[in-house]
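Have the sequence and the structure open side by side. The report below moves through backbone geometry, the sheet, its helices, the cores and the pocket.

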Amino acid sequence: MRKTILLAMPKIARLDQLIEAALHHHGFNVINIVYDDIDFRYPSLKTNLYAKYRKLIYKDTITKKKIKWQALQNKIATKIAKSGGLDYALFISGDIYSREFIQFIRKQTRQIVVNYQCDGLNRFPDMEALIVEFDRFFAFDPKDADQDRGILTTSNFYFDHLDVSFPKSEYDFYFTGVHDLSRVSSINAFARYAAENGYTMDLNILWKYAEKRGRQYYPGSNIKLIKDCLDFNENVQRASKARVLLDFVSSDHKGLSFRVFEALANNKKLITTNTAVSTYDFYCSDNIFVWNGSDLNGLDEFLAKPYQMPTAEIKQKYSFGNWIRYVLNQSPYIKMDLPIEAEHE
């Protein structure tokens, strides 16, 4: 019999739709409340103005959440009732929800309510007070691990419900990401290397301002400035067409991005500036080049080496199917807590 799970997360490049499809693939009925959030309208002008006043005068981000999720609670309760109740609730970056709403979901859930924080906790201060509201709480950044506060760790994953056909490579390198000052220098250095050595790239930076201003940061003609975020599914498809995936880490966390696991899923080589990757059990120097962001010595030799196939157990470990069983504590699963070496880096 299928279990019912509630999926609650921010709208991020339609990532929720991929997760919903993956949950269906692994035998769950899914109540996805992402678009309830998007469709929200304040119940009155008075409440709208009050929330804005609290935010402007007191820097209060909590009042809006309380109003929003109280207004949506009945609608979501109806969905839950029609589904026969909840077995599980999966929150991803649950700081967008109010404490009262999370408590409401807990009362509706027969088994456990979990949260996965797929970004550094330091970037989301509202999350700290909500940790105690979850039965299991996971962080993807090793520095956030804290057993005394109940903060467990796990990594990102790859989507094992997608058809991986390993198409012929259409370009040498692929990367898509938002503009981040901490990685501008390394992106430009790599773009110069690719241009000078005749490599082809599909390298995209999300830039929502005037292109002329963006070119002050990214002058290379082989860097595309895009105004709209790519859907996550399109990102996965474009990654499958590259010979090598690129990963430029943000300075505010050491957690591994989805790009790392897309490389693993697609048997692709990876070039990354995230040094933490070398502590993971799937790391292989023939497959992953850990780059300091400036010195490209050794890269030509790395690209010339044949790819070393990971074991079936490693592939299974980092699949979504194993990940969801692990975070829900639903046996059997392979543990996905982060390497001890990474936690004490």
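## Backbone, sheet, cores and pocket

P332 sits in the loop between α12 (320-327) and α13 (340-343). The model is predicted. The peptide bond leading from S331 into P332 is cis, and its omega is near 0 degrees. Most peptide bonds are trans, and most residues other than glycine have a negative phi.

Some residues here take a positive phi. The table lists three of them.

| Residue | Phi | Location |
|---|---|---|
| A13 | about 50 degrees | loop between β1 (3-8) and α1 |
| S93 | near 55 degrees | loop between β3 (86-92) and α5 (99-108) |
| N267 | about 55 degrees | just after α9 |

Neither A13 nor S93 is a glycine. Is S93 buried or exposed? S93 counts as buried, because its relative accessibility is 8% and the cut-off for buried is under 20%.

**The sheet.** Six strands make up an open sheet. Their order is β9-β8-β7-β10-β11-β12, and they pair in parallel. Which strands form the edges? They are β9 (223-226) and β12 (288-290), each of which pairs on one side only. From one strand to the next, the twist averages 20 degrees. Strands of a sheet pair through backbone hydrogen bonds.

Take one pair in detail. β7 (residues 171-178) and β10 (residues 242-247) are joined by three bridges, in the parallel sense. Within this pairing, F173 is opposite V244 of β10.

**Helices across the sheet.** Helix α6 (residues 184-196) lies across β7, β8 (201-206), β9, β10 and β11 (269-272). Its direction makes an angle of about 155 degrees with β8. Helix α9 (residues 258-265) lies across β7, β10 and β11. The angle between α9 and β10 is also about 155 degrees.

How many residues of α9 are buried? Eight of its eight are, so by the under 20% cut-off the helix is mostly covered. Charged residues are named on that list: R259 and E262 are buried, along with F258, V260, F261, A263, L264 and A265. What covers them includes α1 (15-25), α8 (232-239) and α11 (312-317). Strands β7, β10 and β11 are part of the cover too.

**The cores.** The largest nonpolar core holds 56 residues. Inside it, F159, F282 and I324 have the most contacts. Helix α9 gives the largest share of this core, six residues. What does F159 touch beyond its neighbours within four places in sequence? Its contacts are L15, L18, I19, A22, F232 and F320. A second core is separate and has 26 residues, including V184, M201, L246 and L299.

**The pocket.** The largest pocket encloses about 990 Å³ of space. It is lined by 37 residues. Which lie closest to its centre? They are I12, D119, V178, R183 and R259. At least two lining residues come from each of β7, α8 and α9.

Helix α9 links these topics. It lies across three strands of the sheet, β7, β10 and β11. It supplies six residues to the largest core. It also contributes at least two residues to the lining of the largest pocket. R259 is buried in α9 and is one of the residues closest to the centre of that pocket.

Definitions and conventions. Residues are numbered from 1 along each chain as its sequence is written. This is a predicted model: local features need pLDDT of at least 70, side-chain atom pairs count only at pLDDT 80 or more; totals for chains, interfaces and linings use all residues. Side-chain values use heavy atoms; hydrogens and water are left out. Two strands pair if DSSP finds at least two bridges between them. Helices (H or I, at least four residues) and strands (E, at least two) are DSSP runs, numbered from the N terminus. Axes are lines fitted to C-alpha atoms, for helices over the stretch in contact, and angles run from 0 to 180 degrees between N-to-C directions. Contact means heavy atoms within 4.5 Å. A nonpolar core is a set of buried Ala, Val, Leu, Ile, Met, Phe, Trp, Tyr and Cys residues joined through side-chain atoms within 4.5 Å. Buried means under 20% relative accessible area, exposed over 50%, partly exposed in between (1.4 Å probe, protein chains only). On a 1 Å grid over the protein atoms alone, a cavity is a set of points where a 1.4 Å probe fits but cannot get out, and a pocket is an open set with protein on both sides within 12 Å along at least five of seven lines; lining residues have an atom within 4 Å of a point. Grid points are joined across faces, edges and corners, and a volume is the space filled by probe spheres set on the points.
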